[in-house]
Amino acid sequence: MGLSRSAKRVLWFVLLCLTVVCGVVGTEEEDGRRKHAYVAMMYMGTPRDYEFYVATRVMMRSLARLGVDADRVVLASVDVPARWVHTMQKEDGLKVVSVENLRNPYEKQGNFDKRFKLTLNKLYAWSLVHYDRVVMLDSDNIFLQKTDELFQCGEFCAVFINPCIFHTGLFVLQPSTEVFKNMIHEVEIGRENPDGADQGFLAGYFPDLLGRPMFNPPENGTKLVGTYRLPLGYQMDASYYYLKLRWSIPCGPNSVITFPSAPWLKPWYWWSWPVLPLGLSWHEQRRQNLGYGSEMPVILIQSLLYVGIIAVTRLARPSLSKLCYNRRPEKSTSFLLSMLKVATLWSMLAAYTVPFFLIPRTIHPLLGWPLYLLGSAALNSIVINVFLLPPLAVLTTWLGLVGALFVMAYPYYSDGLVRALVVFMYAFCCSPVVWASLVKIMGSLQVLVEREAYFPRLGEPNPPTAEFTKLY
């Protein structure tokens, strides 16, 4: 039976609609991209490449746990190890965009810091034109809550954590091929850049941001046009937290904490807590998102090694005394005492420094500090045995360090000033005790050197005493 002309028209219209709808859906599925993206940068060439790799993964996973409605992208230089790229793609669900390192024409400036040689790679964010808005991030950010409202901001938006200079640890941008090409041209001609890094370049490229209005996301979800300042709550300097020991910023959402501090005080280092209170917050995010599986074998091996050292030194102490304080009678006692004092001081210093550098830097503080204390105690036990020192005097510094950690970790200080004063008072009170222990150690060496002439050399018979000679 044939269809009527009207039925054919209806069927044709239905098929046309289905084709259009399926085509649109198919295009979206094939593209697999969203309109917005959180973007971080990764490059090689610094001693801390692995630490920033871990930090980037933790930050991106924390964004996933917050349920952000955006792609998570890493701008990775072409020399980033392939295994890292594979891990970020397969385990973390990140989109990795490989880029060539931009040549930095400012590296010969007198104030240039080599750590920032490749930070101009951040400009590649403007080349991601398949996104409508991008939030560019440094890896030392802690997200407290979802910040998808930032995608409503304009062509460029940033936070002024410095009264006069905005911070480039987080900023919003609208990708543009034209802007990207113009930026690359400005880099090539050596546009004036105070610090030679991305911070100085972008501050010069957007010089009028300080006078722009504050960003307030429209309730209807529309996107703004132009440039805006972001509220401080989107880039809360951790230094403010250390002063108040809590967050109370009424002028905007308390969303993101950043760490623009000294490079060795970043939150992912195990020693950052309790020296800096927020280190534990970062590691809590890592524990929830990434874990510590890669570092745990090293931690276990070191722990067993230190326990073995303590056990061996306790068993070997009687024989070690014979090996360390037998000398030839013709040697000068004062020279020997001076050498012993220098060797003792250096050995005690090594006992506290060697374990510090052996611990994986990004391990959890509650694992790193006990391992450090165990390692320093183990090496101090060797010092005690080799130089026959009083154990309590040698371990006084160790006990003082344990006390300092408890003082800094106390969670109920009213503000950072009170905390700093208490730590200072503790150090002031401990200093005389540490000095007295050092004097006692030096006195112990003096006594041992004076008695040492009566120790026989290994393999020789005991010399007859004067009393025995007279009686004979």
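Helices here are DSSP runs of H or I at least four residues long, numbered from the N terminus. One of them, helix 2, spans residues 49-66 and holds Ser62. Keep in mind that everything shown in these close-ups comes from a predicted model.

**View A. Ser62 sits in helix 2.** Is Ser62 buried or exposed? Its relative accessibility is 4%, and since anything under 20% counts as buried, Ser62 is buried. Look beyond its neighbours within four places in sequence and you'll find Ser62 in contact with Gln285 and Asn289.

**View B. Thr362 is tucked into a loop between two helices, and it is buried.** The loop in question links helix 10 (333-358) to helix 11 (365-387). Despite that loop position, Thr362 has a relative accessibility of just 2%. Which side chain makes a polar contact with that of Thr362? It's the side chain of Glu295, at 2.7 Å. Glu295 has company around Thr362: setting aside residues up to four places away in sequence, Thr362 also touches Tyr50, Glu51, Trp268, His283, Arg286 and Tyr292.

**View C. Strand 2 is covered on both faces.** Strand 2 runs from residue 71 to 77, and 7 of its 7 residues are buried. In a regular strand, side chains alternate between the two faces of the sheet. Here, Asp71, Val73, Leu75 and Ser77 belong to one side, while Arg72, Val74 and Ala76 belong to the other, and every one of these is buried. Next door is strand 1 (residues 36-42), which runs parallel to strand 2 and is joined to it by 6 bridges. To find your bearings, look for Ala40, which stands opposite Val74 of strand 2.

**View D. Three strands make a small open sheet of their own, in the order 5-10-9.** The pairing in this sheet is mixed. Which strands stand at the edges? They are strand 5 (141-143) and strand 9 (236-237); each has a single partner strand, so one side of each has no neighbour in the sheet. Strand 5 and strand 10 (residues 256-258) run antiparallel and are joined by 3 bridges. One pair to pick out is Phe143 and its bridge partner in strand 10, Val256.

**View E. Leu230 is one of the best-connected residues of the largest nonpolar core.** That core has 71 residues, and Tyr38 and Leu230 are the ones with the most contacts inside it. What does Leu230 touch, leaving aside neighbours within four places in sequence? Its contacts are Leu150, Cys153, Cys157, Ala158, Val159, Leu170, Val172, Met214 and Phe215. There's also a second, separate core of 34 residues, with Leu102, Ala158, Phe201 and Tyr205 among its members. As a general rule, nonpolar side chains in soluble globular proteins tend to be buried together.

**View F. Cys153 and Cys157 are joined by a disulfide.** How many disulfides turn up in a search of the whole structure? There is 1. Its two sulfurs are 1.9 Å apart. The torsion about the S-S bond is about -100 degrees, so this disulfide is left-handed. Both ends are hidden away: Cys153 is buried at 0% relative accessible area, and Cys157 is likewise buried at 0%. Cys429, by contrast, is in no disulfide; for Cys429 the nearest cysteine sulfur is that of Cys430, 6.9 Å away.

**View G. Cys430 and Gly403 come from separate stretches of the chain.** Why is the sulfur of Cys430 not bonded to that of Cys429? Cys429 has the closest cysteine sulfur, but at 6.9 Å it is too far for a bond; the cut-off for a disulfide is 2.5 Å. Cys430 counts as partly exposed, with a relative accessibility of 22%. Gly403 lies in helix 13 (residues 396-409) and is buried, with a relative accessible area of 18%. Gly403 and Cys430 are 27 residues apart along the chain, and their C-alpha atoms are separated by 9.6 Å.

**View H. The transmembrane regions shown are those listed by UniProt.** The unreviewed UniProt entry gives residues 335-357, 369-388, 395-413 and 419-438 as "transmembrane region". In the model, residues 369-388 are 95% helix and 0% strand, with 27 Å between the end C-alpha atoms. Residues 419-438 are 100% helix and 0% strand, and their end C-alpha atoms are 28 Å apart.

Conventions:
Residues are numbered from 1 along each chain as its sequence is written. This is a predicted model: local features need pLDDT of at least 70, side-chain atom pairs count only at pLDDT 80 or more; totals for chains, interfaces and linings use all residues. Side-chain values use heavy atoms; hydrogens and water are left out. UniProt positions are given in the numbering used here, feature names are shortened, and annotations may be inferred rather than shown by experiment. A nonpolar core is a set of buried Ala, Val, Leu, Ile, Met, Phe, Trp, Tyr and Cys residues joined through side-chain atoms within 4.5 Å. Buried means under 20% relative accessible area, exposed over 50%, partly exposed in between (1.4 Å probe, protein chains only). Contact means heavy atoms within 4.5 Å. Two strands pair if DSSP finds at least two bridges between them. A polar contact is a pair of N or O atoms within 3.5 Å; within protein, one must be able to donate a hydrogen and the other to accept it, and residues adjacent in sequence count only if both atoms are side-chain atoms.
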